[in-house]
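Please open the structure in your viewer and keep the selection panel at hand. The tour below proceeds stop by stop, indicating what to select and what is found there.

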Amino acid sequence: MVDEQLLKEVLDLALSNGGDFADIFVENRRITGISCEDNKIERVQTGLDAGAGIRVLAGEATAYAYTNQLDRQGLLDAAGVVARAAGSSRKDVNIDLNRLEPAISFDIERLPNEVETEDKVEVVQKVNQAARGVDAEKIKQVIVGYGDVIQHVQIANSEGVLVEDTRVRTRLVVNAVAADGGVIQTGYDALGGVAGFELVDSAYPEEMARKAAGRAVALLAAQPAPSGKMPVILASEAGGTMVHEACGHGLEADLVQKELSVYAGKRGEVVASPLITVFDDSTMPGKYGSYAFDDEGTGSAPVTLIEEGVLRDYLYDRLTAGKEGRRSNGHGRRESYQHKPIPRMGNTCIAPGKEDPRDILREAKRGLLVRKMGGGQVNTTNGDFVFEVAEGYLIEDGDVGSMVRGATLTGNGPEVLAKVERVGKDLGFTIGTCGKDGQGVPVSDAQPTMSFGQQQECPIVVGGTGGSPGGSGANKKDFRELMREPRIRRL
């Protein structure tokens, strides 16, 4: 992508006026996007984007510039900008770049750029037809989106690290809208991973579309969700929105160091039930948040964040790690060359327990079963969160009862994790694009089946319009107060 000698020149110039560290992130990204709406292909978009971001760290200060000019003059001009911002005393550097090889690799069976656009369009059309075929009368709209990206990156720094990596991700999303009379409901599902076209070249995307459309149709007849405190079971199918919002963002080191996290200063302390172990593993094969190197050239590795209820670690990039005299643990990520890296999650999971999830449900007498979560957001300073429930059911004497609609869950992350009563041995994943500081990165999150409120008061408040299930909704917090800044939203 960029000649090694030119990389050395750029780094040398970036540090010419001082600074402790310099790096360059070079990116070449090829994307394809296809959307279908109103039973027709609305957009087929392909494109290339290339550029480089150059950074200098001087103490706790950061100078950053980027350019889409990858010739010698363009790169040196950007390096000169960060050099002037970094300091005023010249620093002599001798950089000898050593190429690092990845410790892991991800198998890609069919590179997206080797697949004809017509084949991609055909998948989108099949998914659209599968969703509409669930109920031709009640399904009023189906939106299908397909996307793939092949990202070549080159990362070099003043410590002599040189990394080159190719990342391939494919994603398919479907959103079905059902209507009956004056009632309108939606069903959403997504499939994505570090994978090529093989991810969608099967019958599963059509099955996914039928599930999303079927959920929208079923919600038309669902009763309004009750409100108040009641037992809650989060099924593994709900995915890891809980761990992502309830503690994941609060364990990112930049927020911890700014004391914008409820977990600040609590390393070594009990912050959750002994049933809870939380880890982030960006080495997982095929998962949407996986990578061999982060966007600073640090190799990925599993990080245990909470171990049997005890806080063990945070997610670091180079800058936040340096403030504590330690090394990054591989979580410096960025949306593109136009963004500087910050601590971000990859694949964040609550580890499976030992119980059969069927027993957890069978032994619950009442409450709310959540089978799919919607979006959510968290106030990291105090841990308060709010989630939407995309698919939920009342629990009736250990059985799955009536479907409900319009439910939300509110609570406090540390309090909720401290009061987990049972943890299943299953594990279910969801994917998403996580937004923070104006940039989004692909993530996965996962959790097992978990139960709350069967043995003690449930720490989760269910919000709904169907009245009280026997508990009181008086403790429900006002959403505007709950979500005071700073807040981070999962898209």
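## A hairpin and two pockets

The tour of this predicted model begins at a hairpin formed by strands β17 and β18, with four residues between the two strands. Within the turn, select G383, whose phi is positive, at about 85 degrees.

**Stop 1: the pairing of the hairpin strands.** Select residues 384-396, which make up β18; this strand pairs with β17 in the antiparallel sense, over 11 bridges. To view one of these contacts, display V378 together with F385, its bridge partner in β18.

**Stop 2: the other partner of β17.** Now add residues 232-234, strand β10, which runs parallel to β17 and is joined to it by three bridges. Here I233 has L369 of β17 as its bridge partner.

**Stop 3: the surroundings of β17.** Select residues 366-379 to show β17 by itself. Is this strand largely enclosed by the rest of the structure or largely open? Since 10 of its 14 residues are buried, β17 is largely enclosed by the rest of the structure.

**Stop 4: G376.** Remaining in β17, select G376. Its relative accessibility is 3%, and because buried means under 20%, G376 counts as buried. Then select T410 as well: the two residues are 34 apart in sequence, and their C-alpha atoms are 9.6 Å apart in space.

**Stop 5: the largest pocket.** Select Y188, D189, A190, K372 and T430, which lie nearest the centre of the largest pocket among its 49 lining residues. Two or more lining residues come from each of β6 (161-180), β7 (183-193), α4 (204-220), β17, β18, β22 (428-436) and β26 (487-490). Which element gives the most to this lining? That element is β7, with nine residues. The pocket has a volume of about 1,200 Å³. Coloured by class, its lining shows 17 nonpolar, 19 polar and 13 charged residues.

**Stop 6: the second largest pocket.** Move next to the second largest pocket, which holds about 820 Å³ of space. Select R29, I31, V149, Y288 and T433, the closest to its centre of the 35 residues that line it. The elements giving two or more residues to this lining are β1 (21-37), β2 (40-58), β5 (139-157), β6 and β23 (439-447). By class, the lining of this second pocket comprises 11 nonpolar, 12 polar and 12 charged residues.

**Last view.** To finish, display β6 with both pockets, as this strand gives two or more residues to the lining of the largest pocket and two or more to that of the second largest.

Notes:
Residues are numbered from 1 along each chain as its sequence is written. This is a predicted model: local features need pLDDT of at least 70, side-chain atom pairs count only at pLDDT 80 or more; totals for chains, interfaces and linings use all residues. Side-chain values use heavy atoms; hydrogens and water are left out. Buried means under 20% relative accessible area, exposed over 50%, partly exposed in between (1.4 Å probe, protein chains only). Two strands pair if DSSP finds at least two bridges between them. On a 1 Å grid over the protein atoms alone, a cavity is a set of points where a 1.4 Å probe fits but cannot get out, and a pocket is an open set with protein on both sides within 12 Å along at least five of seven lines; lining residues have an atom within 4 Å of a point. Grid points are joined across faces, edges and corners, and a volume is the space filled by probe spheres set on the points. Ala, Val, Leu, Ile, Met, Phe, Trp, Tyr, Cys and Pro count as nonpolar, Asp, Glu, Lys and Arg as charged, and the others, Gly among them, as polar.
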